[in-house]
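Dear colleague,

Please find below the structure that I am handing over to you, together with its sequence. I would be grateful if you could keep it open while reading the notes that come after it.

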Amino acid sequence: MRILCTNDDGIHAPGLKVLEEIAKQLSDDVWVVAPELDQSGVSHSLSLNDPLRLREVGPRHFAVRGTPTDCVIMGSRHILGDKGPDLVLSGVNKGRNAAEDVVYSGTIAGALEGTILGLPSFALSQEFSMETRNKPLWDTALKFGPDVIRNVMKLGVPRDTVVNVNFPACLPDEVKGIAVTRQGKRNQGFLKIDSRQDGRGNPYYWIGFERLAMLEVPAEGTDLAALAAKFVSVTPLRLDRTDVAFSEKLKGVLK
(Lines give C-alpha, C1' and ligand atoms only; values in the text may rest on other atoms or scores of the structure.)
Protein backbone atom coordinates (compact mmCIF):
# COMPACT_ATOMS: atom_id res chain seq x y z
CA MET A 1 0.00 0.00 0.00
CA ARG A 2 1.40 3.38 -1.03
CA ILE A 3 0.56 6.11 1.48
CA LEU A 4 0.61 9.87 0.87
CA CYS A 5 0.96 11.99 4.02
CA THR A 6 0.23 15.69 4.29
CA ASN A 7 -0.82 18.26 6.88
CA ASP A 8 -1.64 21.95 7.35
CA ASP A 9 0.86 22.78 10.11
CA GLY A 10 3.80 22.69 7.71
CA ILE A 11 6.61 20.38 6.63
CA HIS A 12 8.53 20.73 9.91
CA ALA A 13 5.55 20.23 12.27
CA PRO A 14 6.02 17.61 15.03
CA GLY A 15 2.60 16.14 14.23
CA LEU A 16 3.71 15.32 10.69
CA LYS A 17 6.53 13.18 12.07
CA VAL A 18 3.96 11.38 14.23
CA LEU A 19 1.78 10.82 11.15
CA GLU A 20 4.72 9.35 9.29
CA GLU A 21 5.35 6.94 12.19
CA ILE A 22 1.69 5.90 12.05
CA ALA A 23 1.92 5.39 8.29
CA LYS A 24 5.07 3.29 8.62
CA GLN A 25 3.18 0.88 10.86
CA LEU A 26 0.86 0.29 7.90
CA SER A 27 3.31 0.27 4.99
CA ASP A 28 6.95 0.74 4.01
CA ASP A 29 5.95 2.82 0.98
CA VAL A 30 5.29 6.20 2.63
CA TRP A 31 5.56 9.60 0.95
CA VAL A 32 5.33 13.02 2.61
CA VAL A 33 4.16 16.07 0.68
CA ALA A 34 3.34 18.98 2.98
CA PRO A 35 3.10 22.77 2.88
CA GLU A 36 6.32 24.76 3.13
CA LEU A 37 4.61 27.09 5.62
CA ASP A 38 1.86 26.82 8.23
CA GLN A 39 -1.51 26.66 6.45
CA SER A 40 -3.82 26.26 9.44
CA GLY A 41 -7.35 27.47 8.77
CA VAL A 42 -6.99 27.73 5.00
CA SER A 43 -9.83 25.22 4.50
CA HIS A 44 -10.05 23.73 1.00
CA SER A 45 -8.32 26.59 -0.79
CA LEU A 46 -6.56 25.84 -4.06
CA SER A 47 -3.73 27.91 -5.57
CA LEU A 48 -4.85 29.05 -9.01
CA ASN A 49 -3.21 32.48 -9.34
CA ASP A 50 0.21 31.64 -7.89
CA PRO A 51 2.78 29.07 -9.03
CA LEU A 52 3.50 26.07 -6.83
CA ARG A 53 7.14 25.88 -5.74
CA LEU A 54 8.34 22.37 -4.98
CA ARG A 55 11.35 21.54 -2.78
CA GLU A 56 12.71 18.08 -2.02
CA VAL A 57 13.70 18.07 1.64
CA GLY A 58 14.71 14.40 1.80
CA PRO A 59 14.01 10.99 0.30
CA ARG A 60 10.23 10.80 -0.34
CA HIS A 61 9.80 14.12 1.52
CA PHE A 62 8.66 17.22 -0.38
CA ALA A 63 7.62 20.73 0.61
CA VAL A 64 5.14 22.67 -1.51
CA ARG A 65 4.69 26.42 -1.22
CA GLY A 66 0.93 26.06 -1.26
CA THR A 67 -2.05 24.67 0.60
CA PRO A 68 -2.80 21.12 1.81
CA THR A 69 -5.11 20.73 -1.19
CA ASP A 70 -2.23 21.70 -3.49
CA CYS A 71 0.00 19.16 -1.74
CA VAL A 72 -2.38 16.23 -2.26
CA ILE A 73 -2.84 17.11 -5.93
CA MET A 74 0.91 17.54 -6.45
CA GLY A 75 1.65 14.31 -4.62
CA SER A 76 -0.92 12.13 -6.36
CA ARG A 77 -0.72 13.65 -9.85
CA HIS A 78 2.96 14.57 -10.15
CA ILE A 79 5.43 13.50 -7.45
CA LEU A 80 4.38 9.87 -7.08
CA GLY A 81 4.31 9.36 -10.84
CA ASP A 82 2.22 6.72 -12.59
CA LYS A 83 1.70 4.67 -9.43
CA GLY A 84 -0.33 7.05 -7.31
CA PRO A 85 -1.22 6.65 -3.62
CA ASP A 86 -3.60 4.03 -2.28
CA LEU A 87 -4.32 5.98 0.90
CA VAL A 88 -4.14 9.63 2.00
CA LEU A 89 -3.42 10.58 5.62
CA SER A 90 -3.60 14.21 6.75
CA GLY A 91 -2.28 15.41 10.13
CA VAL A 92 -1.55 14.79 12.87
CA ASN A 93 -2.92 18.25 13.54
CA LYS A 94 -1.90 20.13 16.68
CA GLY A 95 -5.36 20.65 18.15
CA ARG A 96 -8.68 18.95 17.55
CA ASN A 97 -10.72 19.31 14.37
CA ALA A 98 -14.24 18.78 15.64
CA ALA A 99 -17.62 20.51 15.23
CA GLU A 100 -17.32 23.60 12.98
CA ASP A 101 -13.54 23.14 12.76
CA VAL A 102 -14.14 20.78 9.85
CA VAL A 103 -15.26 23.75 7.72
CA TYR A 104 -12.09 25.78 8.35
CA SER A 105 -9.47 23.07 8.75
CA GLY A 106 -6.68 22.58 6.26
CA THR A 107 -6.12 19.15 7.80
CA ILE A 108 -9.65 18.08 6.89
CA ALA A 109 -9.23 19.65 3.45
CA GLY A 110 -6.10 17.62 2.72
CA ALA A 111 -8.00 14.40 3.42
CA LEU A 112 -11.08 15.67 1.61
CA GLU A 113 -9.03 16.30 -1.52
CA GLY A 114 -7.91 12.69 -1.37
CA THR A 115 -11.59 11.68 -1.20
CA ILE A 116 -12.36 13.86 -4.22
CA LEU A 117 -9.59 12.05 -6.10
CA GLY A 118 -11.25 8.73 -5.27
CA LEU A 119 -8.81 7.65 -2.54
CA PRO A 120 -9.62 6.43 0.98
CA SER A 121 -8.59 9.33 3.19
CA PHE A 122 -8.24 10.06 6.90
CA ALA A 123 -7.79 13.31 8.83
CA LEU A 124 -6.07 12.88 12.20
CA SER A 125 -5.91 15.49 14.97
CA GLN A 126 -4.51 15.49 18.51
CA GLU A 127 -6.54 17.54 20.96
CA PHE A 128 -4.65 19.54 23.58
CA SER A 129 -5.74 21.09 26.86
CA MET A 130 -4.58 24.30 28.51
CA GLU A 131 -1.95 22.20 30.30
CA THR A 132 -0.73 20.36 27.20
CA ARG A 133 -1.00 23.22 24.71
CA ASN A 134 2.78 23.48 24.31
CA LYS A 135 3.34 19.71 24.59
CA PRO A 136 0.49 17.79 22.94
CA LEU A 137 0.29 14.15 23.96
CA TRP A 138 1.35 12.75 20.59
CA ASP A 139 1.75 9.25 22.03
CA THR A 140 -2.04 8.99 22.18
CA ALA A 141 -2.35 9.48 18.43
CA LEU A 142 0.61 7.18 17.85
CA LYS A 143 -0.90 4.36 19.89
CA PHE A 144 -4.47 4.43 18.56
CA GLY A 145 -4.00 5.80 15.04
CA PRO A 146 -2.70 2.69 13.25
CA ASP A 147 -5.43 0.33 14.48
CA VAL A 148 -8.21 2.82 13.75
CA ILE A 149 -6.98 3.13 10.17
CA ARG A 150 -6.47 -0.63 9.78
CA ASN A 151 -9.94 -1.50 11.03
CA VAL A 152 -11.69 1.13 8.93
CA MET A 153 -9.74 0.05 5.86
CA LYS A 154 -10.79 -3.58 6.43
CA LEU A 155 -14.40 -2.48 6.32
CA GLY A 156 -13.78 -0.18 3.37
CA VAL A 157 -14.25 3.59 3.15
CA PRO A 158 -17.19 4.70 0.96
CA ARG A 159 -16.00 6.58 -2.10
CA ASP A 160 -17.42 9.98 -1.09
CA THR A 161 -16.59 9.81 2.62
CA VAL A 162 -13.61 11.15 4.56
CA VAL A 163 -12.84 9.74 8.02
CA ASN A 164 -12.18 12.39 10.67
CA VAL A 165 -10.27 11.04 13.68
CA ASN A 166 -9.68 13.07 16.85
CA PHE A 167 -7.55 11.87 19.75
CA PRO A 168 -8.40 13.16 23.26
CA ALA A 169 -6.06 15.32 25.33
CA CYS A 170 -5.00 12.57 27.73
CA LEU A 171 -2.31 9.93 28.07
CA PRO A 172 -2.78 6.71 26.07
CA ASP A 173 -3.65 4.62 29.13
CA GLU A 174 -6.35 7.15 30.11
CA VAL A 175 -8.28 6.71 26.86
CA LYS A 176 -11.67 5.12 27.56
CA GLY A 177 -12.19 3.66 24.11
CA ILE A 178 -13.14 4.55 20.55
CA ALA A 179 -16.47 6.17 19.69
CA VAL A 180 -18.12 6.56 16.30
CA THR A 181 -19.59 10.04 16.42
CA ARG A 182 -21.42 12.72 14.48
CA GLN A 183 -20.17 16.25 13.91
CA GLY A 184 -20.95 18.46 16.90
CA LYS A 185 -21.85 22.12 17.14
CA ARG A 186 -20.55 24.84 19.44
CA ASN A 187 -22.38 27.83 20.85
CA GLN A 188 -21.06 30.56 18.57
CA GLY A 189 -22.02 33.17 21.16
CA PHE A 190 -18.54 32.62 22.57
CA LEU A 191 -16.90 33.81 19.32
CA LYS A 192 -15.11 37.10 19.92
CA ILE A 193 -12.90 39.73 18.31
CA ASP A 194 -9.87 40.69 20.39
CA SER A 195 -8.90 44.27 19.61
CA ARG A 196 -5.30 45.40 20.20
CA GLN A 197 -2.85 48.15 19.18
CA ASP A 198 0.58 47.85 17.65
CA GLY A 199 3.63 49.88 18.66
CA ARG A 200 2.46 52.83 16.56
CA GLY A 201 -1.02 52.88 17.99
CA ASN A 202 -2.67 51.30 14.95
CA PRO A 203 -5.46 48.80 15.68
CA TYR A 204 -5.27 45.11 14.79
CA TYR A 205 -7.51 42.18 15.65
CA TRP A 206 -7.51 38.48 16.56
CA ILE A 207 -10.45 36.13 16.13
CA GLY A 208 -10.91 33.82 19.11
CA PHE A 209 -13.23 32.14 21.62
CA GLU A 210 -14.03 33.00 25.21
CA ARG A 211 -12.68 30.41 27.65
CA LEU A 212 -16.22 29.95 28.91
CA ALA A 213 -16.83 27.91 25.77
CA MET A 214 -14.82 25.12 27.40
CA LEU A 215 -17.53 24.83 30.07
CA GLU A 216 -20.31 24.14 27.60
CA VAL A 217 -21.76 20.62 27.78
CA PRO A 218 -21.63 19.06 24.28
CA ALA A 219 -24.51 17.06 22.85
CA GLU A 220 -24.39 13.31 23.38
CA GLY A 221 -23.03 11.29 20.48
CA THR A 222 -20.97 14.14 19.05
CA ASP A 223 -17.24 14.42 18.47
CA LEU A 224 -17.06 17.08 21.19
CA ALA A 225 -18.75 14.81 23.74
CA ALA A 226 -16.47 11.89 22.92
CA LEU A 227 -13.32 13.96 23.38
CA ALA A 228 -14.62 15.40 26.65
CA ALA A 229 -15.14 11.83 27.91
CA LYS A 230 -11.61 10.81 26.80
CA PHE A 231 -12.70 8.71 23.82
CA VAL A 232 -11.05 8.67 20.42
CA SER A 233 -13.65 10.20 18.10
CA VAL A 234 -14.16 8.74 14.60
CA THR A 235 -16.55 10.76 12.43
CA PRO A 236 -17.37 9.83 8.82
CA LEU A 237 -17.93 13.05 6.84
CA ARG A 238 -19.77 13.08 3.51
CA LEU A 239 -18.46 14.95 0.50
CA ASP A 240 -22.05 15.54 -0.64
CA ARG A 241 -23.41 18.37 1.52
CA THR A 242 -26.89 18.41 0.02
CA ASP A 243 -29.68 18.96 2.58
CA VAL A 244 -32.06 16.32 1.22
CA ALA A 245 -34.92 17.08 3.63
CA PHE A 246 -34.91 20.79 2.82
CA SER A 247 -34.61 20.02 -0.89
CA GLU A 248 -37.90 18.14 -0.71
CA LYS A 249 -39.58 21.11 0.98
CA LEU A 250 -38.18 23.49 -1.64
CA LYS A 251 -39.78 21.45 -4.41
CA GLY A 252 -43.13 22.48 -3.00
CA VAL A 253 -42.49 26.22 -3.32
CA LEU A 254 -40.07 26.45 -6.25
CA LYS A 255 -41.65 25.27 -9.46
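The following paragraphs set out what was found, beginning with the first strand and ending with the largest pocket. Please bear in mind throughout that this is a predicted model.

**Strand β1 and its neighbours**

Strand β1 covers residues 2-6, and five of its five residues are buried, so the strand is largely enclosed by the rest of the structure. In a regular strand, side chains alternate between the two faces of the sheet. In β1, R2, L4 and T6 point one way, while I3 and C5 point the other way, and all of them are buried.

Two strands are joined to β1. One is β2 (residues 29-35), which runs parallel to β1 and is connected to it by four bridges; within this pairing, I3 has V30 as its bridge partner. The other is β5 (residues 87-94), also parallel to β1 and likewise joined to it by four bridges; here C5 is partnered with L89. Helix α1 (residues 14-24) completes a right-handed β-α-β unit with β1 and β2.

**The annotated binding site**

The UniProt record, an unreviewed entry, carries the annotation "binding site" for D8, D9, S40 and N93. These residues are spread over 86 residues of sequence, yet they cluster in space, the largest C-alpha distance being 9.0 Å. The lining of the largest pocket includes D8, D9, S40 and N93.

Two of these positions can be described in further detail. D8 is placed in the loop between β1 and α1. D8 counts as buried because its relative accessibility is 2%, and the cut-off for that class is under 20%. Leaving aside residues up to four places away in sequence, D8 touches P35, L37, D38, Q39, S40, G41, P68, N93, S105, G106 and T107. Two annotated residues, S40 and N93, are therefore among the contacts of D8.

S40 lies in the loop between β2 and β3 (54-58). With a relative accessibility of 42%, S40 counts as partly exposed. Under the same exclusion of sequence neighbours, S40 touches D8 and D9, both of which carry the annotation as well.

**Residue Y104**

Y104 belongs to helix α3 (residues 101-104). Is Y104 buried or exposed? Y104 is exposed, because its relative accessible area is 53% and the exposed class begins over 50%. Not counting residues up to four places away in sequence, Y104 touches G41, V42 and S43. The C-alpha atoms of Y104 and S43 are separated by 4.5 Å, although these two residues are 61 residues apart along the chain.

**The largest pocket**

The largest pocket holds about 2100 Å³ of space. It is lined by 46 residues, of which R96, F128, R133, R186 and F209 are the closest to its centre. Which elements each supply at least two residues of the lining? They are β5, α3, β9 (191-197), β10 (203-209) and α6 (223-228). The largest share comes from β10, with four residues. Two elements described above thus return here: β5, the parallel partner of β1, and α3, the helix that contains Y104.

With kind regards

Notes
Residues are numbered from 1 along each chain as its sequence is written. This is a predicted model: local features need pLDDT of at least 70, side-chain atom pairs count only at pLDDT 80 or more; totals for chains, interfaces and linings use all residues. Side-chain values use heavy atoms; hydrogens and water are left out. Buried means under 20% relative accessible area, exposed over 50%, partly exposed in between (1.4 Å probe, protein chains only). Contact means heavy atoms within 4.5 Å. Two strands pair if DSSP finds at least two bridges between them. A crossover is right-handed if, with the strands pointing away from the viewer, the path from the first strand over the helix to the second runs clockwise. UniProt positions are given in the numbering used here, feature names are shortened, and annotations may be inferred rather than shown by experiment. On a 1 Å grid over the protein atoms alone, a cavity is a set of points where a 1.4 Å probe fits but cannot get out, and a pocket is an open set with protein on both sides within 12 Å along at least five of seven lines; lining residues have an atom within 4 Å of a point. Grid points are joined across faces, edges and corners, and a volume is the space filled by probe spheres set on the points.
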